[in-house]
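Colleague: Got the model open? Walk me through it, please.

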Amino acid sequence: MNQEEYDFLSRLVMRTSGLHLGPNKQYLLESRLIPLAQSFDLEGIPELVARLRRSDALLETAVTEAMTTNETSFFRDITPFDELRDTILPTLIADRGTSKSLRIWCSASSTGQEPFSIAILLHEHFPEIVQNWRVEILATDIAEKMVSRCRSGEYSQLEVQRGLPIRLMVKHFEQCDGGWRVKDDLRKLVSFRRQNLLESFRHLGRFDVVFCRNVLIYFDAETKGRILGQICGCLHQDGFLVLGAAETVIGLSESFDRFRDCKSAVYRPKADSACTVSR
Ligand SMILES: C[S@@+](CC[C@H](N)C(=O)[O-])C[C@H]1O[C@@H](n2cnc3c(N)ncnc32)[C@H](O)[C@@H]1O
C-alpha cells in the first residue's frame, strides 16, 4: 500500500473508532484488510480505498470492525474480579440497601466473556442480590459482530477453557452444537447493544460500576481523556471505574481518584469532580 492509502485508512479508523495507528503499521492494515477486500470482491487495498473514497457506509463499518482487536477471556486478569467480589460489590451493596438496584456496564465487551464472568460471580457469591434486587449488566461494543456473539451466549470448547473453572462451566453452561451455551438464568442478567465510546452515551443512564478494560490502550491521549470524562458523567458519585492492567487515568483525567483498597486499576469519581466534557 502506498503512503496516501495508508494515511487515508489510518484517518478513517481514527475517525470511526478512535484507533490510533501511528506510523508504520502497514502490516496490520494489510493483514486485516486484504481478506476483507476479497470478501467484498475487491482485488486489494487500492480498490478498497477507491470504494471508500466514494463513501460506502457498509464497507466503512466493515473496515472499522476488522481493525478492532477482540482478545478476551473469562475472568481475564482475575484480580479485578476478586476485588469486585471482595471490595467493590460489598461496598455498593451496603450503600444501596434502599434502592436495591445495581447497574454494571462492560463498555468494550468483545465476545462477552467479561459480562458473563460478572454474571457468574454475582450468581455464585451474591445469590440473594440476584434474587431480590434489580440487577443489570449492560454489555456494549462498537462492533455489531461482537454484540451478536455476546447475545448468542455461545462459546467453543477452547473459549470456555480459557479462564473458566470446569465446575462453573458445568453449572452455568449447557452443551450446544459446536460448544457451550450460557444458561438462561445467567443470560437474563445481561443485556446487549452496540455503542461506540466516541459517541455520546448519556442515553445509557447512570451506572454503579463501569468496566472499561483493554480498549483505552488503542486510543490517543486526547481521545482517552474525552472518554474518561464521559464515563465520569455516567457514574454515580460513589460508583467505580475498572480499567485494564495497562491502563490509567494519570495524565488523562482529573476527575477520578485511585481507589486505594484495590490493587488493580480501580477508580472513583472525585468528590468535587466536575465532569464537564459535553455529552
Ligand atoms: C481487547 S477487547 C477487550 C475486551 C474486554 N474488555 C477484556 O478486557 O477482555 C477490546 C474491545 O473494544 C472494542 N472497541 C474498540 N474501539 C471501540 C470503541 N470506539 N467503542 C467501543 N468499543 C470499542 C473492540 O471491538 C473490542 O471488542
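**Strands, helices, ligand**

Modeller: Strand β1 (residues 101-106) pairs with β2 in the parallel sense, over six bridges. Pairing needs at least two DSSP bridges between the strands. Helices (H or I, at least four residues) and strands (E, at least two) are DSSP runs, numbered from the N terminus.

Colleague: Predicted, right? What are the ground rules?

Modeller: This is a predicted model: local features need pLDDT of at least 70, side-chain atom pairs count only at pLDDT 80 or more, and totals for chains, interfaces and linings use all residues. Residues are numbered from 1 along each chain as its sequence is written.

Colleague: Which residue stands opposite R134 in β2?

Modeller: S101.

Colleague: And what does β6 pair with?

Modeller: Strand β6 (residues 190-194) pairs with β2, in the parallel sense, over five bridges. There, I137 stands opposite V190.

Colleague: Is β2 mostly covered or open?

Modeller: Mostly covered. Six of the eight residues in β2 (134-141) are buried, meaning 20 or more other C-beta atoms, placed from the backbone, within 10 Å of a residue's own.

Colleague: Switching to helices. Which residues of α2 meet α4?

Modeller: R32, L33 and L36 in α2 meet A62, V63 and A66 in α4. Contact means C-beta atoms, placed from the backbone, within 7 Å.

Colleague: How does that contact split by class?

Modeller: Five nonpolar, no polar and one charged. Nonpolar is Ala, Val, Leu, Ile, Met, Phe, Trp, Tyr, Cys and Pro; charged is Asp, Glu, Lys and Arg; the others, Gly among them, are polar.

Colleague: Last one. Which residues come nearest the ligand?

Modeller: T68, T72, A108, S110 and L197, of 22 around the ligand. The cut-off is a C-beta atom, placed from the backbone, within 6 Å.

How values were computed:
Buried ≥ 20, exposed ≤ 12 C-beta atoms within 10 Å, placed from the backbone. Contact = placed C-beta atoms within 7 Å.
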